[in-house]
Structure formats: C-alpha cells, structure tokens
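Grab a pencil and work through these short exercises with the structure open beside you. Try each task before you read its solution.

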Number of protein chains: 2
Amino acid sequence: MPSRRDTIADDLRHQISTGHFKAGERLPSEAQLASRYTVSTPTLRSALALLQGEGLVEKIHGRGNFVCRPLRKITYTGGCREAPTWATPSAPLHMTARTTNLEAYGHLAALLDVPPRSPLRLTEVVYITHEGKSPHSLARIYVPHDLAPADSPVLDEIAVRLADLRPPLAEVQERLSARLPTQEEATVLRIATSLAVLSLTRVATDVTGRVVEAALLVLPGDRADALFTTRLTTGERSSKE
Amino acid sequence: MPSRRDTIADDLRHQISTGHFKAGERLPSEAQLASRYTVSTPTLRSALALLQGEGLVEKIHGRGNFVCRPLRKITYTGGCREAPTWATPSAPLHMTARTTNLEAYGHLAALLDVPPRSPLRLTEVVYITHEGKSPHSLARIYVPHDLAPADSPVLDEIAVRLADLRPPLAEVQERLSARLPTQEEATVLRIATSLAVLSLTRVATDVTGRVVEAALLVLPGDRADALFTTRLTTGERSSKE
DNA sequence: GAGTGGTCTAGACCACGAG
DNA sequence: TCGTGGTCTAGACCACTCA
C-alpha cells in the first residue's frame, strides 16, 4: 500500500514531467500544497524531500520550492593521461581556487603514502567549478610543497608547472564511492544533504613510486558522473597480465 | 545553531564509536531514546535517519534499531582486462543468479547501440552477491542472445562461453554515478532508501564495434567503492594520443 | 510585516515480529 | 498479546527573504 508521501511525490513528479510545473517555476507554498492534498505539512514536506533527493526540486528558505532547471550534465573523465579533463558541452566553467600550505597528517599522510605525523609540507588547492550560480564540483588537491609553487592561483598554471617539475607519472589510481554529503559539502555545492554525491579520490604516482598528487573530488550526484574508458591493445587481448 | 536532530545524532554516533553501543546490539527503543533526550519521537527518528544514511544503524520493523556490524568493504575493480573481478578480503561470496530472455527496448537499446524497438533478443542475467545474509551488490547484465546460451545459471560459465564465442574485446566503458536507490533496489540490497548507492554502467565493445555486453551494477554506498588504476606506459608518457 | 520554509511537539493509529 | 517501528496529524514557534 503506497504511503501518502509516495502518492504525493508521484503526482508532483508527474506534474513536473508533463510541464504543468515548469522549470525554474515556484511551486505553491507548502501550506497550499498540504491543503490541496489534504495532508499535514510534515507529510507534504517529506514528499518534497523525495523530489529534492532526486534533484527535481530545490528548496530555498524564505522563498519557496522551485522546479530545478534541467541540469547540464558534467562528466569526469577518468584514467586521464595528462591533466584531468572535464567534458562539458561547450561550457566555459568558472573556477574559484584557494591555495594554502599545510602539513601532511592523518588521512592525508595515508593518501600520500608517507608516515603519519610526517613533516612533509603540502600545497593544498581547493577549487570549485561553477556554471553561472550553480556549483558543479568541489575539489581538494594536495601536492608536495617542493613540486608546487604555492603562489599560483590558476589551476592551469599549476598543472603546467607540475608537468615541468615532476618526474613522469607512472600510475594514476582513482577510487570512487557514493555517499551523502557532509553539511559543509552540501553548503558549498548548494545541494540538499539528502542528495547523494560521487566522491572521488585520485592518487598519482611518478616512476620513482612517490605520490606526487592526491586529489579529493566531490561531485553532486544529480548532475555529474564519471566515465572510464579502457581500450584494449592487441597485446593485452591475447595475453593475460 | 545545531538542531536537536544533529545533536542527538552526534551523541549516538559518539556512543557507537566509543563502544558504548556495540556492533550488532539493539539500541533502546525509540520511545525510550526520545524520553532520554527529551524530544518527541519524530525528532528522534529523524536523528536515527541520519545514522541510517551513514550505514551506522539498521532499522528492523517490529524489532528495533541495531548498530551495524563493521562492514566488509568490497571494491569493484574497473578497467578490467578480462572478466570483472571483485576484490574482497578472502570472502567466498555467495551469488544468486536468474537468467531470462527479453528484447532490447528503450534504455537498453541505447546502451547496446541498436535502434529503439529493435528485435534484438537479449539474455538478461540478474544476480546478487551475498556475504552471509547481507547482500553486497545487484547486477543486471545484458548479452545479445546469440552470444550467450540462456540456460547457464552459473556466471562463470557464461564468462567462459562468452570468451569463446565473441570476438576479442576492444573497449570497455564504465560510467559511474551516485544516487539514492529505488524502492526495489533498497529492498533487494536491504538498505535504507536514504543510503546512497554507486551506480555503474559498463558497456563492452568488440573489435567490430558491436556491443557484446551491457551491465548495470548497483552497489551500496556504505560498503562498496570502485577502483580504477591507470598505468602509463613509456609511450603514453612521452607522446600525446 | 507578510509570507515562506525549518523545526519541533504530543499525541494518534497502523503494521510488523516474537513469544 | 505486547512491544516495536511506520506513518500521520494539527498545530506551535522560529528564521529567512522580500517588499
């Protein structure tokens, strides 16, 4: 037996998909919707929470519930040969970056494969990609301090300098998981805490085995995915590794 | 200002991590916890919902709330050269499989790169991996009917026959996203609908460009991640593609 | 200040599980 | 049958946004 929450969510979903409520439009207030469906406000709100989790509706405190505009999908391309690339359909993304220095500790030390409490100095680059007002991704990149001059605010510059400074990369490892965002991530990405995020940890190792870059990326689940393409060469096809 | 929900969730989280509530143990009833924290039951339940979303607590209707046992992590290994491999620390996973035949339609047709309403016959293999009573993954694999005899209930057999029948693989594409599970997926995987899942779509193409396998995998976010390792050969390092 | 969503209460009734 | 969680009500009060 379907709950009222699900019934209402289904109905609203249908009205959105048929264009009865259009993208960007404000929904009737929760009180109006509650009386229309003859339910209490908590029940109606739980129905809206479902749509919010699907990325169909955005709640803005003090203003109302809004139908989300169809989102430009972004695709993180993995297994990258050079710099990470963001494939977006003709999107000149804005990017804000912040660079600080810190020391490897705890989780970071493990990522960078150095002893805990290591005195290794790191450059941390935090950046957020935007499309208009909607953030697309949150990235934290850690590079050993000697490989990255800390005064470079532009990501591209860092990539270029890295390519010059460091030995050639030997291996890139990317680990992905799905989870709910932390409060901080939800705030920064302007998503609901009930919307899943794709969490990606990338570790790049050079030919000497040293970790030269560790990156933590958080992508909103409703507008981002990650793509990995493996081409098999003739040699790999005929023989096992 | 932290909400009561968050305060209670933090406290419970702390009590679980310090072993005050032990793994597998039942928590006090929601009514008891509500009176202990002097909140109403809905408020207490919303706090529990947070822990549930983190995979720390499992609710069982009519029995109570239980602290989850530390979960054996499973790692999906991507970019696979041969059959997909599941790296689990010495886990003889049980696997239940169901094989049916159907026709390519809609979403499936797009995946398999054939025209919609194509008469292409498919073999669908649905399987769930288990560890004890807890399901680990839900997979739906689609193979053109002529490549896969439908009467093979054992996955390994299918893999072997496929290796014999089909031309060598040329490319494997894996697309990952994070989202909340559907009601059906939550039921099958025995997870809360508020727990994120990692959704993986894998498409394998042979040297002729034909799609020989499409797989849809759903992994619970609290116990599964996906790992992609890219080794760069000398050639790839020195020259761009 | 008017209208919105955010949070919370103190119950009610139903469905499930175990003895 | 009894205790559990699942759902829902009909309000209350607060915080935020905008005119």
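**Exercise 1.** Find which residues come nearest to DNA strand C.

*Solution.* Keep in mind that you're looking at a predicted model. Start with the 23 residues around DNA strand C; those that come nearest are Glu30(A), Arg45(A), Arg4(B), Ser40(B) and Thr43(B). Next, look at the DNA side: of the atoms of DNA strand C within 4 Å of the protein, 71% belong to sugar and phosphate.

**Exercise 2.** Work out which atoms of Arg4(B) and Thr43(B) lie close to a phosphate oxygen of DNA strand C, using 3.5 Å as the cut-off for a polar contact.

*Solution.* Take Arg4(B): a backbone N or O atom sits 2.6 Å from a phosphate oxygen. For Thr43(B), a polar side-chain atom is 2.6 Å from a phosphate oxygen. Now zoom out to the elements: helix 3 of chain B gives the most to this surface, with 3 residues. Finally, sort the surface residues by class, and you get 4 nonpolar, 12 polar and 7 charged.

**Exercise 3.** Describe how domain 1 and domain 2 of chain A meet.

*Solution.* First, get the bounds: domain 1 of chain A covers 4–67 and domain 2 covers 74–227. The contact uses 6 residues from domain 1 and 5 residues from domain 2. Together the two domains bury about 330 Å², with 45% of it on carbon and sulfur atoms. On the domain 1 side, Gln52(A), Gly53(A) and Glu58(A) supply 72% of the buried area. Last, check for salt bridges between the two domains: the count is 0.

Key: Residues are numbered from 1 along each chain as its sequence is written. Chains are lettered from A and ligands numbered from 1 in the order in which they are written. This is a predicted model: local features need pLDDT of at least 70, side-chain atom pairs count only at pLDDT 80 or more; totals for chains, interfaces and linings use all residues. Side-chain values use heavy atoms; hydrogens and water are left out. A residue is near a molecule or strand if one of its heavy atoms lies within 4 Å of it. A polar contact is a pair of N or O atoms within 3.5 Å; within protein, one must be able to donate a hydrogen and the other to accept it, and residues adjacent in sequence count only if both atoms are side-chain atoms. Helices (H or I, at least four residues) and strands (E, at least two) are DSSP runs, numbered from the N terminus. Ala, Val, Leu, Ile, Met, Phe, Trp, Tyr, Cys and Pro count as nonpolar, Asp, Glu, Lys and Arg as charged, and the others, Gly among them, as polar. Domain bounds come from an automatic or database domain assignment. Contact means heavy atoms within 4.5 Å. Buried area is the accessible area (1.4 Å probe) that two parts lose on being put together, summed over both. A salt bridge is a side-chain nitrogen of Lys or Arg within 4 Å of a carboxyl oxygen of Asp or Glu.
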